[in-house]
Amino acid sequence: MTTTLNQKDILKRGAIWAFILVELAFFAIVGDAMSVSSKAFLSVDNMLLLLKQSAPIGIIALGMTIVMINGNIDLSVGATFALAAVVLLDSMTWPFMQALGDWAIPLAWGFALLTGVVLGAINGLIVWKTGVDAFIVTLASMLGFRGLVFMYNGEQPTSHLNWTLVDFAEAQFLGLHTATWFLLGAALILWLLMTKTVHGRNAYAIGNNREAAVNAGIRVGPHFVLNFMLIGFLAALSAVVFYSESGSVNPNDGMLYELWAITAVVLGGTKLAGGYGSIISTLGGVIAIQLLRKGLGHIGADTQTVNLVIGLILIGVLILDRQLNRKGQEELKI
Amino acid sequence: MNLTRKMALACTTAVLGTAAAAETMTIGITQNNVGVDSYQTTYEKAFIAAAEADPDVEVVVLDAGGDVARQIAQVEDLIQQEVDAIIIWPTNGEAVIPAVRKAHQADIPVVVTNSNIAEAGFDFIASFSGPDNITQGSRAAEIMCDKFKDMGIEDEAGIVQISGQPGYTTAIERAKGFEDRLPEVCPNVTLMETQPGDWNREKAQQVMEAFLVKYDDIDGVYAGDDNMGVGALNAVKAAGRDGIIFVGATNFAVGYEAMAAGDYWGSIYQSPVDDAEAALQTAIDILNGEDVPFLNYFDTPKITQDNMGEFTKPVF
Amino acid sequence: MAQLNKTEIGAFLAKQGILIAFAAFMIGFALANQRFIELDNVFGVIRSSAILGVMALGVTFVVIGGNLDLSVGSMMSFSTIVVLDLHDKLGPGLAILAMFALTLALGAFIGFLVGYLKLNSLIVTLGMLSAIHGLTLTWSGGKNMDIADKSGTWFSVFGQERVMGIPVPILIFALLAVALSLLLSKTPFGRKVYAVGGNGQAATFSGIPRARVVFLTYIVSAFCVATAGLLQASRSLGSQNTVGQGMELEVLAAVILGGASLMGGAGTVFKTVIGVLILGFIQNGLLLVGLDFYVQYIVTWIIIILAVWLDVAAKRGRLWSPIA
């Protein structure tokens, strides 16, 4: 039983990377023939750029993986992302912050990250204390948090361009961009958290079977709150990394990010029902989506094709996943 | 069709080889949000058509889908593909500045189209090509005021405004132009309330329905574009109210028709075809080493029921 | 369980909490601004809510059946664009028929994936949200779609006319609500929807064809979406491709506010109608008292949490959740 499970695991975890290889091959061959650019799609620079561009959704998707493993979901991350960005950029214009010079930067980062953690804690506490489903709680707070974004600065964008910050965000260390370091760093830490710590094991256990977890003496509520704080933190981190480089946030920014993050997580094989999933595979899911976008742009596909292809591929992967998992489960009843 | 064009272009390049390649210029464009309304779609088609008409130009056409992160990624991609010039229709006039600086540092000239970037980025762009949205807003105020003077209600009229999508430069500039100019020409007209209609006809209709309930006496409606203006008009018709003066911006075909029917008073005539061709031409001129004005506005005249005969009906 | 008697009254109150909250809310706003309850305004709000409402009726079936439908907004723009485009090519009657057929085909496709292939409905409909949007843009070429001769068509009857003084969209919304309410509460099919959503496994063992019932809930949903598209198209006789975008979450909010459980097996058409009206009147009421548009987001947030909380609290007989 365990051996078959492992085989299936390897097959499943390999699937997303196999998909990425197919994409790479397709865009390298077809893409280069169709593109007007003389630069090869598969160049090292382009692949480094791919990693960097995966960061905004990617960092959020890492957090979504944990929340989903835990058996919950968070639809409010796009709004959290926007509010953290507003706090980041606005706080740097406060008088006492300006007096600090460049030391204001780490402090502004701190404020933004704190915002994310607090918003996450609000979601987590509501889920815990009211027992209302996380989908509903975060669907509602998606609206509420977006309202807070508008309340902060009306319909105006919030802007603060700080070139020190931009230079830092655009820097490359050992060839990798700053955003890539944050993405990979967050992935590594979360992977350690989920595989090597008690909290990680408990998160899987709760997602797998909440009753059993409770019977085993695991306190479910605090784990919920912690994981929501974590995803709030990561949504804010994503904002910090992205807006350090761009310096202006529209109140509508981050809309639909929750859906893209969930898509990436599901492509990576994490179960919506909870109890199963992997941080590394989510990274694969994020890269697969960004690669698809980049590649379709490279060959000059138009908006409708991009929408159509992305939607159908998502369903296609789900069908494939179903086929891989069907062994040993109940027969389809048609 | 898009793909065949690319194939054809790729084949041409291959056949002509390196000698001709030196002559060809590759221009990349990243647009704001194609498909959100007819204006942007018509713009894209006109841009591609203009590029096809010029044998020396190859274009990479991208769409940011309204997402600033995606747009920045597209600018990076274009730099990476070593295009000769980049045209950008900013999703956010400030957030794209660092990306534009990157292109500038890579010695790729950047032309901003349709909606300008903030002044902090002016050092990094070669030119702006597009309409002057502030002027459009003030012209709309003048149209409204002139009509009120004709009607003799310039001292008592009350109006409402339906603005574009919150946070977008064009929406902000048009509202600002209108709100600044109105008190100068008609100091006694009151702007009772402004609500966003998100460039969306249905949303504008809902907003107008609420206005109609809230205010017994509305003399004029200023909408950030005709699409929303017609939505507001639909609400007014459904409620059976009349005598309300509608002024919009970016004259859409539906706005033009409503004007012809006498329901809609005026707007600002702005052609996406002019917009697209001006942007492409600006980029080509820069690559050919010609002098181009830094702020390359194309004219967007007033259009009202009185002078609409001078304009052809918009195609979008 | 033992303290059921003690909490019976509280439970009843909580169960009808949504109605009580609605009444309190209406009275509050009526006191703040008289216009709020004038017939014109009430009709106006219901008419504006009718499109969202019709979609919510269909999604209620899907949700009671234990699934989600995030594609309704995208599908509604498809229906609207298609019927407007075909109006000038086939004439109004055929255009409506063709549009219903195409929308039902999309619904059948989703129903097949979720019902027969048992794929996760959240992801399937998320994928369809994107794919159908692509389809709409392909159909229209990204252009706004307008009926050429706006005054010379009877097509406007669904969205703009009145019958016996009542706007037609309200009549259609009401008729559909009554019909679907009967379908859900009085027919074997309705009982099967509850059974499948309440406990899919048990339903299968008791001989209920789960796949077919789920498939049919998506057909009902698609039918409602097509009706909403018809109302939308008829109302404005022209549309842009973004119409309906983002409505899926508003629709879901209305259904949830009405008390349909996302776990499936609970909810009624009537309560969904109340949920729709609450959202509509909140938006209208806040606008009337002159609050900024974003206040409605924050108010909606709080109201949804409170309403659902009361509902689950009533079901479990205690306010705070038992989660340790």
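**Exercise 1. Two annotated spans of chain A**

How far apart do the end C-alpha atoms of residues 75-96 of chain A lie, and what percentage of the span is helix?

Solution.
- The model is predicted.
- In residues 75-96 of chain A, the end C-alpha atoms are 35 Å apart.
- Helix makes up 77% of that span, and strand 0%.
- Now take residues 15-36 of chain A: 91% helix, 0% strand, with the end C-alpha atoms 31 Å apart.
- UniProt, in an unreviewed entry, lists both spans under "transmembrane region", among them 15-36 and 75-96 of chain A.

**Exercise 2. Two annotated spans of chain C**

Find the helix content and the end-to-end C-alpha distance of residues 44-64 and of residues 94-116 of chain C.

Solution.
- Start with the record: the unreviewed UniProt entry gives "transmembrane region" for chain C at positions including 44-64 and 94-116.
- Residues 44-64 of chain C are 100% helix and 0% strand, and their end C-alpha atoms lie 29 Å apart.
- Residues 94-116 of chain C are also 100% helix and 0% strand. Here the end C-alpha atoms lie 31 Å apart.

**Exercise 3. The side of chain B that touches chain A**

Work out which elements of chain B supply the contact with chain A, and what kinds of residue they bring.

Solution.
- Count each side: chain B gives 35 residues to the contact and chain A gives 32.
- On the chain B side, the elements with two or more residues are helix 1 (2-21), strand 2 (57-63), helix 3 and helix 4.
- Helix 3 of chain B gives the largest share, eight residues.
- Sort the chain B side by type: 19 residues are nonpolar, nine are polar and seven are charged.

**Exercise 4. Helix 4 of chain B**

Name the buried residues of helix 4 of chain B, then say what covers them.

Solution.
- Helix 4 of chain B spans residues 97-105. Its buried residues are B:Ile97, B:Pro98, B:Ala99, B:Val100 and B:Ala103.
- From chain A, the cover includes helix 7 (163-170) and helix 11 (220-246).
- From chain B, the cover includes helix 3 (68-80), strand 3 (85-88) and strand 4 (110-113).
- After helix 4 of chain B comes B:Asp107, with a positive phi near 60°.

**Exercise 5. Two residues with positive phi**

Are B:Thr250 and C:Lys118 buried or partly exposed?

Solution.
- Recall the background: most residues other than glycine have a negative phi.
- B:Thr250 has a positive phi near 45°. It sits in the loop between strand 9 (245-247) and helix 9 (253-260) of chain B.
- B:Thr250 has 32 other C-beta atoms within 10 Å, so it is buried. The cut-off for buried is 20 or more.
- C:Lys118 has a positive phi near 55°. Its loop joins helix 5 (92-116) and helix 6 (121-140) of chain C.
- C:Lys118 has 18 C-beta neighbours inside 10 Å, so it counts as partly exposed.

**Exercise 6. Strand 5 of chain B and its partners**

Which strand pairs with strand 5 of chain B along with strand 4, and in what sense?

Solution.
- Strand 5 of chain B pairs with strand 4 of chain B in the parallel sense, over three bridges. One link joins B:Val112 to B:Phe128 of strand 5.
- Strand 11 (residues 295-297) of chain B also pairs with strand 5, parallel, over three bridges. There B:Gly130 is opposite B:Tyr297.
- Check the two faces of strand 5 (residues 127-130): B:Ser127 and B:Ser129 point one way, B:Phe128 and B:Gly130 the other. All four named residues are buried.

Note on methods. Residues numbered from 1 in each chain as written. Chains lettered and ligands numbered in written order. Predicted model: local features only at pLDDT ≥ 70, side-chain atom pairs only at ≥ 80, totals over all residues. UniProt positions renumbered as here; feature names shortened; annotations may be inferred. Buried ≥ 20, exposed ≤ 12 C-beta atoms within 10 Å, placed from the backbone. Contact = placed C-beta atoms within 7 Å. Nonpolar A, V, L, I, M, F, W, Y, C, P; charged D, E, K, R; others polar. Pairing = 2+ DSSP bridges.
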